[in-house]
Structures are given as C-alpha cells and as structure tokens.
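Hi,

Here is the structure I promised to pass on. Have a look at it first, and then read my notes underneath.

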Amino acid sequence: MGFKCGIVGLPNVGKSTLFNALTQTAAAQAANYPFCTIEPNVGEVAVPEPRLMKLAAIAKSANIIPARMNFVDIAGLVKGASQGEGLGNQFLATIREVDAVVYVLRCFEDDDVTHVSGRVDPLSDFEVVETELMLADLDSLEKRRANLEKKAKTGDKDAKETLVLVELALAELNEGRPARKAVVPADQRRQWRMMQLLTAKPVLFVANVDEDSAATGNAHSRAVEARATQEGAACVVISAKIESELALLDADERGEYLAELGLEEPGLNRLIHTGYQLLDLLTYFTVGPKEARAWTIRKGWTAPRAAGVIHGDFERGFIRAETTAYADYVAHGGEAGAREAGKLRQEGKEYVVQDGDVMLFKFNV
C-alpha cells in the first residue's frame, strides 16, 4: 500500500534538494529561484530495513524487496497562496491526497540562496505556510457546510454526522488553530480522515541546516525542535546538501563520509523511520527462497487485513497465518528451526500483527 508524505514549505528552503536526495534522482529541478517546481513530483523511497537483509541471508532468498514510502515534492507556497498567489495554490489539492505533511524549514544562512522574505526565520516560514493551509481549509469547509445543512434538514444521516465534524474543524480554524487540534471521537476518525483537511494531517518538521550543523544542529533548528514539541509533532534535523552528496556515493564511501561528519546514519533514514512512527506504521515480512519482502501496514491491523496488502484473495479467503517473531526466526536459523523449537505459531483471524512478524498466509478462495 502506498503511504504518501507531502514535502511543503516556502520557495528556496531545500525541498527539491531533499526530494532529490530521497529519491536519488534529479526528477525535481533544484534551482535558486522561486517556483522552479511547477508540477508535483512523486518519488518512491525504499524503507531502510536491516532486518530484511538478515532474513534474506538466512533463507537464501533470490530477491530482496523492501517496503516503499512515497514522497511528494510540492511547489513552494507563499503568503496568499490560498487566494491564488504564486504557483503553490495549484497544488493544495495534491496536499489533500497525502497521509502526512513534511514541513521543510530553512535553518541555514547563505547569501547565495535567495530567501523570499529576505531573512532566515524558520518559525515565521512555518506560520506563513500553515496559515495558507488553514485558510484553504476554512474556505473549503464553509463551502461544504451550506450544502450539508440543506441535506441535514431533509434528515440525511450521513450529512448530519459530517456536519458535526465540519463544525468541529471550523471551531478550531476560526480560533487560529489547525484542524489537527480538534478532539475527534474514536468512532468518527475514519470519516474525519476522509474529509482530507490540509491541517488535520500528521505533521513532521524537517530543520534543514548547513553542513557544519548536521551533527549538532544550530540555534535555528533548536527553535524548530521546540516548536515541534509544542505542536505535538515530530522533528528531524537534516542537511539536505549533505544528503544530496551522500546519494551519489556507494555504501563504503557513504560510511566513511558519515564518520567524518560525526553522523551515525543518513538523515534520510531518520526521516523515513520518523515518518513511519508518525503514521503509526509497522513492518511484517514474507520470506522464502524466491524472495524476502517487507510489507507496510498500520498498527492494530489483524492478520486477514495484513494479508490483503499482498492480494485481496488472501484477505477474503484467509484461513490462518503461520507466524514467527523476527527474533525467533533469526535465533533458530529460519522457518524449519523455529518450527522445531515450537516458535512458529498458527494465528487466526483475530490475531493483531506485530512489528517484525514473519508470516506465511494460508487461504482458500
């Protein structure tokens, strides 16, 4: 299943540089002028997963297929975007389609890279972009409310339920708060997500720092981290410039370069893993001689629903799932050893899949 994170921010903050590094391509043009990204770019990124390599080695799998996450590079938004200013307003609809919003905030000083407001102030940048998204949500909801009120008066149950959620969102937005601040009843969260509000999505802050600050951060990034904590959001400190350089190196060169910089791993790995946590995702594995593969699902999913990610028939005809915890699979040298040690379990329809489970589904359609 495809989970999407939309990369947003003002022009010239490093969005496209970060996107290029993520996808290891030059699909998004990175240039020193506003609006150089004139259509949303989508890139699939392999999720770094050392456990998959270990499982493949044990099973002697011919192919290794990692889980994937999608990142969407969206044109730079500017003040007034919700009213048609700049080009970013063309992509507000694209943001509605993503599962989480990644705010890229400029935390570096560079006289050679123009800043649209003439100064480096990441918190001000965040507020400009978030305000535009809030204004777009307000406009959308106010238009939607009139139609829902008409339907609700006729007794339409769905319209009445949706209208309650619209009022809930408007109450936050009219107070200058994003829709994600609303307290939504558990049984209405699915309908809430279907409203596709820009400011209801989970948020991840990326503090894009200079090369010298990649390991320790700087005053700008620390301000961003503090604001992320205040917002209940995640934050990752990254130097997009370093990440773009790392993307061009082989594994050995990358390790040496990271060591020189005092970094344990690429910032992009932390970004992807933080995105996983933000979206409440986990990974399970299918392993055999033909392939070892990682699959992404949401936490709390049962075995049949997890099986449906592979194929709908697996979910419809689900019988059971032969399941081994990752640690047990490794400790006992694979499926046969785990079975002999009594560590391979037969799980039914109510089983909630755990991160790292190695699974073989039995089904009949």
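Below is what I found, going from the whole chain down to single residues.

First, some ground rules. This is a predicted model, so I kept local features to pLDDT of at least 70 and side-chain atom pairs to pLDDT 80 or more, while totals for chains, interfaces and linings use all residues. Residues are numbered from 1 along each chain as its sequence is written, and side-chain values use heavy atoms, with hydrogens and water left out.

**The overall picture**

The protein has 14 helices and 12 strands; these are DSSP runs numbered from the N terminus, with helices being H or I of at least four residues and strands being E of at least two. Of its 365 residues, 49% count as buried. By "buried" I mean under 20% relative accessible area, with "exposed" being over 50% and "partly exposed" in between (1.4 Å probe, protein chains only). The accessible surface comes to about 17500 Å², and carbon and sulfur atoms hold 48% of it (Shrake-Rupley method, 1.4 Å probe; for residues, only the protein chains shown count as cover). Taking contacts with a separation of 6 or more, 69% are between residues 24 or more positions apart; a contact means heavy atoms within 4.5 Å.

**The cores**

A nonpolar core here is a set of buried Ala, Val, Leu, Ile, Met, Phe, Trp, Tyr and Cys residues joined through side-chain atoms within 4.5 Å. The largest one has 60 residues, and L18, L22, F71, I95, Y103 and L271 have the most contacts inside it. Strand β5 (residues 100-107) supplies the largest share of this core, 7 residues. Try clicking on Y103: leaving aside neighbours within four places in sequence, its contacts are V8, F126, V129, E130, L133, V203, L204, F205 and V206. There is also a second, separate core of 18 residues, which includes L138, A159, L170 and A179.

**Helix α5**

Two of those second-core residues, A159 and L170, are also among the buried residues of α5. This helix (residues 157-173) has 17 residues and reaches 25 Å from its first C-alpha to its last, close to the 24 Å expected at 1.5 Å a residue (the expected span is 1.5 Å times one less than the number of residues). The other buried residues in α5 are T162, L163, L165, V166, A169, E172 and L173. Their cover includes α4 (122-153) and α6 (189-194). At the start of α5, a side-chain oxygen of D156 comes to within 3.0 Å of the backbone nitrogen of D158.

**Salt bridges**

I counted a side-chain nitrogen of Lys or Arg within 4 Å of a carboxyl oxygen of Asp or Glu as a salt bridge, and the total is 18. A network of them links E127, E130, R180, K181, R227 and E231.

R339 is worth a look, with two partners to show. One is E335, with the closest N and O atoms 3.0 Å apart; the two residues sit 4 residues apart in helix α14, so about one helical turn separates them. The other is E322, at 3.4 Å between the closest N and O atoms. That pair links distant parts of the chain, with R339 in α14 (residues 335-340) and E322 in strand β10 (residues 318-324), 17 residues apart. E322 is buried at 8% relative accessible area, whereas R339 is partly exposed at 40% and E335 is partly exposed at 33%.

D313 and R316 also form a salt bridge, with the closest N and O atoms 2.4 Å apart. They are 3 residues apart in helix α12 (residues 312-316), again about one helical turn. R316 is exposed at 62%, and D313 is partly exposed at 24%.

**A few single residues**

E347 lies in strand β11 (residues 345-347) and is buried, at 16% relative accessibility. Not counting residues up to four places away in sequence, E347 touches F318, R320, A321 and T323.

Finally, the backbone. Most residues other than glycine have a negative phi. K60 has a positive phi of about 55 degrees; it lies in the loop between α2 (50-59) and β3 (63-65) and is exposed at 68%. D280 has a positive phi too, near 60 degrees. D280 lies in the loop between α10 (267-278) and β8 (281-287) and is partly exposed at 41%.

Cheers

Technical notes. Polar contact = N/O pair within 3.5 Å; in protein donor to acceptor, adjacent residues only side chain to side chain.
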